[in-house]
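This report looks at the enclosed and open spaces of one protein model, and at the strand pairing around them. Please keep the sequence and the structure in view while reading.

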Amino acid sequence: MLNNLILITGRYVAHYNLQLSFNIQQYYLSLSMAQNKFEQSLANGAHQKLQDLVGDWSGITKTWFEKDVLVDECLSTARITSILDGRFICYDYQSSLEGKPLIGKMIIGFDIPYQKFTFSWIDSFHMGTQMMQATGEPTENGFSILGTYGNPEYGDQLFGWRTELEIINIDEIIFLAYNIMPGEEETKAIEAVYKRI
């Protein structure tokens, strides 16, 4: 009886170890494949396009609160840095709105498994104490990303916020943002036109 128990236990342990070894091999194989896809993207894909934006920028930012009513136009500066070995970029900007300083930060990446651009955005005016998460599609010269925001004081429906990046060339870019009120068409909210310093 004891011998049979030892034999069964031994077979179970051997099977478990074999399965564990197979799972570990699969895990490292998938890591290797993901790393290869990232390296390819960094060499000539979406990550390479993001890394090309690294540097210092200056330009003009315009803001609208309602359709076709320009509220503010100001000088703005931005610094785009590479983080996590090129997996993401960090877009830090400074401008003003109606004479008051405004700063913001956006972490932008490209999700290889889902083939989507992504960002997390915070700033000292539009987002307040909230953080926006957004995803979207590549475009011919950048991306179009859609996020949502809300406030219980405004009701249960969320507002949409669509951000576009248009890469004119290596030395000129445009960030555009559109506000989407529930049940209404989107309207332009921000236009930041930058040139490389």
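## Character of the cavity lining

In this predicted model, the lining of the largest cavity is made up of 13 nonpolar residues, seven polar residues and one charged residue. The count of cavities of 30 Å³ or more comes to one, and the space inside the largest cavity is about 230 Å³. Its lining holds 21 residues, of which Tyr91, Tyr93, Trp121, Ile190 and Ala192 are the closest to the centre of the cavity.

## Strands around the cavity

Seen by element, two or more lining residues of the largest cavity come from each of strand S1 (55-66), strand S3 (88-97), strand S4 (100-111), strand S5 (116-123), strand S8 (159-169), strand S9 (172-180) and strand S10 (187-196). The largest share, five residues, is supplied by S3.

## Pairing of S7, S8 and S9

S8, one of the strands that line the largest cavity, has pairing partners in S7 and in S9, and these contacts can be described in turn. With strand S7, which covers residues 142-149, S8 pairs in the antiparallel sense over eight bridges; within this pairing, Phe143 has Leu165 of S8 as its bridge partner.

S8 and S9 also run antiparallel, and they are joined by nine bridges, with Tyr178 of S9 serving as the bridge partner of Arg162. The connection from S8 to S9 is a hairpin that passes through two residues, and both of these strands are among the elements that give two or more residues to the lining of the largest cavity.

## The largest pocket

What is the volume of the largest pocket? The computed value is about 350 Å³, and the pocket is lined by 18 residues, those closest to its centre being Phe65, Tyr149, Trp161, Asn179 and Met181.

At least two residues of this pocket lining are supplied by each of S1, S8 and S10, and S1 gives the most, with three residues. S1, S8 and S10 are also listed among the strands that give two or more residues to the lining of the largest cavity, so named elements recur in the description of the open space and of the enclosed one.

How does the pocket lining divide by class, and how many of its residues are charged? It has 11 nonpolar and three polar residues, together with four charged residues, while the lining of the largest cavity has one charged residue.

Notes. Residues are numbered from 1 along each chain as its sequence is written. This is a predicted model: local features need pLDDT of at least 70, side-chain atom pairs count only at pLDDT 80 or more; totals for chains, interfaces and linings use all residues. Side-chain values use heavy atoms; hydrogens and water are left out. On a 1 Å grid over the protein atoms alone, a cavity is a set of points where a 1.4 Å probe fits but cannot get out, and a pocket is an open set with protein on both sides within 12 Å along at least five of seven lines; lining residues have an atom within 4 Å of a point. Grid points are joined across faces, edges and corners, and a volume is the space filled by probe spheres set on the points. Helices (H or I, at least four residues) and strands (E, at least two) are DSSP runs, numbered from the N terminus. Ala, Val, Leu, Ile, Met, Phe, Trp, Tyr, Cys and Pro count as nonpolar, Asp, Glu, Lys and Arg as charged, and the others, Gly among them, as polar. Two strands pair if DSSP finds at least two bridges between them.
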